[in-house]
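Student: Could you take me through one part of this model up close? I'd like to see how a single helix sits among its neighbours.

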Amino acid sequence: MARTRQNRISIEEIAQALNISKTTVSRALSGKGRISEATRSRVRSYVASTGAAPAVRSGWSEENATHNLTMVIPDHFVRLDLPFLRKCMGGITTMAVQRGYDMLLCYTNASDTSQLQRQLANHKMDGVILSRALKDDPCVDLLRQYQIPFVVIGRCEDSTIPQADNDQVSGSCEMTRLLLRLGARRIAILTGSTAYMVTADRIRGYQLALGEFGIATDPWLIQSGIESDAQRADALEAVLERKPDCLLCGDDRLAFDVMRALHSRHIRVPEDIRVASLYDSELLLGTTPSISAVQYDAERLGATACRMLLDLLAGKQVDLRQVEGYQVILRDSTK
C-alpha cells in the first residue's frame, strides 16, 4: 500500500532501502556533512517517491515536552571505571533534577547510533548531551536531522554547536611547561584515540610548550590511540626505547596503569623517570609516589553543559562555547 503524506518514514528504513548507512541518510536530509551531491539527491528523491516525510521532531514546546534529557555515552566506556564520567554525570543529573527533568542514558559508537535514533524516533527526550566530542560525530548529524537541542561536552570544530569544555590546551601546555622547568627535556606523551577532540587538544598543548622552550617535537615520543591494555603495553615499550625522562599520560586511568607497568619493570619514579597525568582523580590517590596531575572540576562541567541545554530549551540566549578552568598539582612523581 502506498504511503500517505501523513505517514512517516524512518532514517533506518531509508538506509535499508538504499543500502547506505543511517549517517549518510541523516547528512543527506539535513544538508550538513561531507557526502556527494549524487548521494544527497538519491536520498531525497527516494523520500519524495514514497510520499512520506522523514520521521523527525517538528519542534519542542511545553505541550509536547517529555521532561527527559538524554546523556550519550560511547559504548566502550561501559567497560571502564572513569571517575570523570561519573562526576560529570553527577553534575548533569543534579542540575536536571533541580529544573524538573529526569535523565536517560544512551550508548553509541562511531558505527552504531541505533539506540539514539530509537529514542529520537519515539520522542523520548527534549534535549541531548553528548559526553564526548568526536571528529565527524554521526550523533551530531542525527540530532540535527531530528531538530532537537543538544550540547557537546568538549571542543567542536563547528562553532555553531553549543559546547561546554575544559581548557585542555592550556592545562596540557602548563603541565608540560612546568615539567620542562623542572629539567625534563625528553617528554613522551601517551594518549587515547585521536578521534576525540580532547586528545588533539592535549597533544597541541604539549607541543606548544615544547615550542616555547625551543624543543623540536619528536614524533616517536607521541603515542596516541591507546584504548586497551595491549595498546598501552606496546606504546610504553615504544617510548621507553627512545629514552624519555618523563611520561605525560593523557588521563588518570592511563597514568595509573603506566605506574603499575613501570613498577613491574623495576623502573623507579621519579628517580629513573618522571610521570604526570593530564587528568586528576581519586584513582591516582593510591599510587606511590603520588602523581602530578591537571585538576578539572568534572561535576561543574556536567552542570554547565546541562544548564546550557535547559536554557536553550527555555529559549534563552546562550554563549555557544563555555570553558571551565583548571589547576596543575605537582606531587612526588615529578620531583
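Tutor: Happy to! One term first: contact here means heavy atoms within 4.5 Å. Keep in mind, too, that this is a predicted model. Let's look at helix α9, which runs over residues 229–240. With 12 residues at 1.5 Å a residue, α9 should span 16 Å, and its end C-alpha atoms are indeed 16 Å apart, so the expected and computed lengths agree.

Now turn to the side chains. A residue counts as buried when its relative accessible area is under 20%, and in α9 that describes Arg 232, Ala 235, Leu 236, Val 239 and Leu 240. Around the axis these residues take up an arc of only 125°, which means that they lie on the same side of α9. On the face turned away from that buried side you will find Ala 230 and Asp 234, which are exposed.

What covers the buried residues? Among the elements doing so are three strands, β8 (187–190), β9 (222–223) and β10 (246–249), together with helix α10 (252–264). If you have the structure open, try colouring Arg 232, Ala 235, Leu 236, Val 239 and Leu 240 as the buried set, then add β8, β9, β10 and α10 as part of their cover. Colour Ala 230 and Asp 234 separately to pick out the exposed face.

For a second stop, look at the aromatic rings: a search of the whole structure finds three aromatic pairs. In one of them, Phe 84 and Tyr 279 have ring centres 5.6 Å apart and planes at 85°, so this pair is edge-to-face. Both Phe 84 and Tyr 279 are buried.

Terms used: Residues numbered from 1 in each chain as written. Predicted model: local features only at pLDDT ≥ 70, side-chain atom pairs only at ≥ 80, totals over all residues. Heavy atoms only, no water. Helix = DSSP H or I, 4+ residues; strand = E, 2+ residues; numbered from the N terminus. Expected span 1.5 Å × (residues − 1). Buried < 20%, exposed > 50% of the residue type's maximum accessible area, 1.4 Å probe, protein only. Arc of directions from axis to C-beta. Phe/Tyr/Trp six-rings, centres within 6.5 Å; stacked < 30°, edge-to-face > 60°.
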